[in-house]
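Q: Please take a close look at the salt bridges in the structure below. I would like their geometry and burial, followed by the strands, pocket and cavity around them.

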Amino acid sequence: METEHYTYGKAYDPGLRYRSHYIDQPNSPLYPFGYGLSYTTFEYSNLRLSSCEMGYTDTITASIDVTNTGKFDGSEVVQLYIRDCAGSVARPVKELKGFEKIHIKKQSTVTVEFVISEEMLRFYTATMDYQSEPGQFIVMIGPNSATYDAMPFTLHD
């Protein structure tokens with residue numbers, strides 16, 4: 001039996017605005033989840049995965065370089081989001097699966113690593129089973145929910 005796969009809702013398009021008879025406002029929050037200010041600036045680069053495919057007993061390491069490009073030492077919260085591209089039930093566009101607070105000296109670079117396991121990909125199905133399903137996923141790492149680098153991987157049987 002072929003299983004139907006769903007994505008969650010309508011994709012956000014910054015060029016479109018929600019229209020109503022009363023008020024028209026942008027479709028995005030003023031500040032995305034995880035947004036914060038600092039006395040310095042950070043740059044994210046070189047997102048990489050240890051593998052583009054993962055089995056149920058395997059893990060993947062997602063790594064990214066974070067550089068303090070400012071004039072002061074500073075702390076940054078690096079956030080890991082994962083998207084299940086299609087599931088048997090509607091899935092969120094992105095789910096926060098991990099974060100790490102790091103301190104970086106000015107003009108220095110730190111590599112942050114997250115280990116992704118099959119357990120992190122589980123959700124409650126329509127029959128209320130807590131399991132993961134094979135398919136494509138997208139890893140997103142960045143300073144907040146709206147700014148990130150992304151890379152796909154596949155979970156297979």
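A: The salt bridges are described below, followed by the sheet, a pocket and a cavity.

The model is predicted, so local features need pLDDT of at least 70 and side-chain atom pairs count only at pLDDT 80 or more, while totals for chains, interfaces and linings use all residues. Residues are numbered from 1 along each chain as its sequence is written, and side-chain values use heavy atoms, with hydrogens and water left out.

A salt bridge here is a side-chain nitrogen of Lys or Arg within 4 Å of a carboxyl oxygen of Asp or Glu. Side chains of opposite charge can pair when their charged atoms come close. Six salt bridges are found in a search of the whole structure.

One of them joins the side chains of Lys105 and Asp73, with an N to O distance of 3.8 Å. This pair links distant parts of the chain: Lys105 is in the loop between β5 (95-104) and β6 (109-117), Asp73 is in the loop between β3 (59-68) and β4 (74-84), and the two residues are 32 residues apart. Strands (E, at least two residues) and helices (H or I, at least four) are DSSP runs numbered from the N terminus. Lys105 counts as exposed because its relative accessibility is 52%, whereas Asp73, at 36%, counts as partly exposed. The cut-offs behind these words are under 20% relative accessible area for buried, over 50% for exposed and partly exposed in between, with a 1.4 Å probe and protein chains only. The loop that holds Lys105 also comes up in a backbone distance: the C-alpha atoms of Lys105 and Ser75, 30 residues apart along the chain, are separated by 8.8 Å.

A second salt bridge has its N to O distance at 2.9 Å and brings together the side chains of Glu118 and Arg122. Glu118 counts as buried because its relative accessibility is 7%, while Arg122 is partly exposed at 26%. Elsewhere, Asp84, Arg91 and Glu95 are joined into one network by salt bridges that share partners. Within that network, the Arg91 and Asp84 side chains meet at 3.4 Å, N to O. Both Arg91 and Asp84 are buried.

The network residues also border an enclosed space. The structure holds one cavity of 30 Å³ or more, and its volume is about 30 Å³. A cavity is a set of points, on a 1 Å grid over the protein atoms alone, where a 1.4 Å probe fits but cannot get out; a pocket is an open set with protein on both sides within 12 Å along at least five of seven lines, and lining residues have an atom within 4 Å of a point. Grid points are joined across faces, edges and corners, and a volume is the space filled by probe spheres set on the points. The lining of the largest cavity consists of Ile82, Arg83, Asp84, Arg91, Glu95, Lys97, Met120, Leu121 and Phe137. Two elements, β4 and β5, give two or more residues to this lining, and the largest share, three residues, comes from β4. By type the lining holds four nonpolar, no polar and five charged residues. In this scheme Ala, Val, Leu, Ile, Met, Phe, Trp, Tyr, Cys and Pro are nonpolar, Asp, Glu, Lys and Arg are charged, and the others, Gly among them, are polar.

β4 also gives the most residues, four, to the lining of the second largest pocket. That pocket has a volume of about 290 Å³. Its lining has 15 residues, of which Gly36, Leu37, Ser38, Glu76 and Pro143 lie nearest the centre. Five of the lining residues are nonpolar, eight polar and two charged.

β3 and β6, which flank the loops of the Lys105 and Asp73 pair, belong to a three-stranded open sheet in the order β1-β3-β6, with antiparallel pairing. β1 and β6 stand at the edges with a single partner strand each, so one side of each has no neighbour in the sheet. Neighbouring strands are turned by 20° against each other on average, direction ignored; axes are lines fitted to C-alpha atoms, for helices over the stretch in contact, and angles run from 0 to 180 degrees between N-to-C directions. Two strands pair if DSSP finds at least two bridges between them. β1 (residues 42-49) and β3 share six bridges, and β3 and β6 share nine. Ser63 in β3 is the bridge partner of Arg48, and the partner of Ser63 in β6 is Glu113. Val66 has Val110 of β6 as its bridge partner. β3 is mostly covered, with eight of its 10 residues buried.
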